[in-house]
Amino acid sequence: MRVYIVMMLQFIIWSGYTFIEWLSKHDQLIYKVIMFFVFFYLAYLIGNQVTKSARKTLFITSLSLIIYTSIHYTMALFTH
């Protein structure tokens, strides 16, 4: 159950990142990369707070990022 909660919270974080990236579409690449690492660290911290395991949190965070990116680009492929 904790893994499910972490995945849902991280999907919310990745959605927030996508929205903020969309708002800052004219920014330089370095700022977008820094912003990605800030959101990744935030997702990691929240996940670690719930699971209490650094190794499991890193796996869940990476998995949620991969799943969210796959869904995001699949939806973009169908809508464009």
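Does Lys52 belong with the buried or the exposed residues, and what is its relative accessibility? At 61% relative accessibility, Lys52 counts as exposed, because the label goes to anything over 50% relative accessible area, while buried means under 20% and partly exposed lies in between (1.4 Å probe, protein chains only).

Before going on, a word about the model. It is predicted, so local features need pLDDT of at least 70 and side-chain atom pairs count only at pLDDT 80 or more, while totals for chains, interfaces and linings use all residues. Residues are numbered from 1 along each chain as its sequence is written, and side-chain values use heavy atoms, with hydrogens and water left out.

**Confidence and overall layout**

The predictor's confidence in each residue is called pLDDT and runs from 0 to 100. Here the mean for the protein is 95, with 100% of the residues at 70 or more. Helix α2 (residues 29-51) has the highest confidence, a mean of 96, and helix α3 (residues 54-79) the lowest, at 94.

What are the building blocks? There are three helices and zero strands, in the order α-α-α from the N terminus. These elements are DSSP runs, numbered from the N terminus: helices are H or I with at least four residues, and strands are E with at least two.

The C-alpha trace spans about 40 × 30 × 15 Å along its principal axes. Of the 80 residues, 26% count as buried. The protein exposes about 6000 Å², and carbon and sulfur atoms supply 73% of that; such areas come from the Shrake-Rupley method with a 1.4 Å probe, and for residues only the protein chains shown count as cover. As for contacts (heavy atoms within 4.5 Å), take those with a separation of 6 or more: residues 24 or more positions apart account for 61% of them.

**Four residues to look up**

| Residue | Place | Relative accessibility |
|---|---|---|
| Gln10 | helix α1 | 0%, buried |
| Thr18 | helix α1 | 18%, buried |
| Phe36 | helix α2 | 22%, partly exposed |
| Lys52 | loop between α2 and α3 | 61%, exposed |

Which residues does Gln10 touch, leaving out those up to four places away in sequence? They are Ala43, Tyr44, Gly47, Ile60, Thr61 and Ser64.

Lys52 has another quirk: its phi is positive, about 65 degrees, although it is not a glycine. Most residues other than glycine have a negative phi.

**The largest pocket**

Now for some empty space. The largest pocket has a volume of about 190 Å³, and α1 (2-23) and α3 are the elements that give two or more residues to its lining. Helix α3 supplies the largest share, five residues. By class, the lining has six nonpolar, three polar and one charged residues.

Thr18 and Phe36 are both among the lining residues. Leaving aside neighbours within four places in sequence, Thr18 is in contact with Tyr68 and His72, and these two also line the pocket. With that same kind of neighbour set aside, Phe36 is in contact with Trp14, Tyr17 and Leu65, and they are in the lining too.Here a pocket is an open set of points on a 1 Å grid over the protein atoms alone, where a 1.4 Å probe fits, with protein on both sides within 12 Å along at least five of seven lines; lining residues have an atom within 4 Å of a point. Points join across faces, edges and corners, and the volume is the space filled by probe spheres set on them. Nonpolar means Ala, Val, Leu, Ile, Met, Phe, Trp, Tyr, Cys and Pro, charged means Asp, Glu, Lys and Arg, and the others, Gly among them, are polar.
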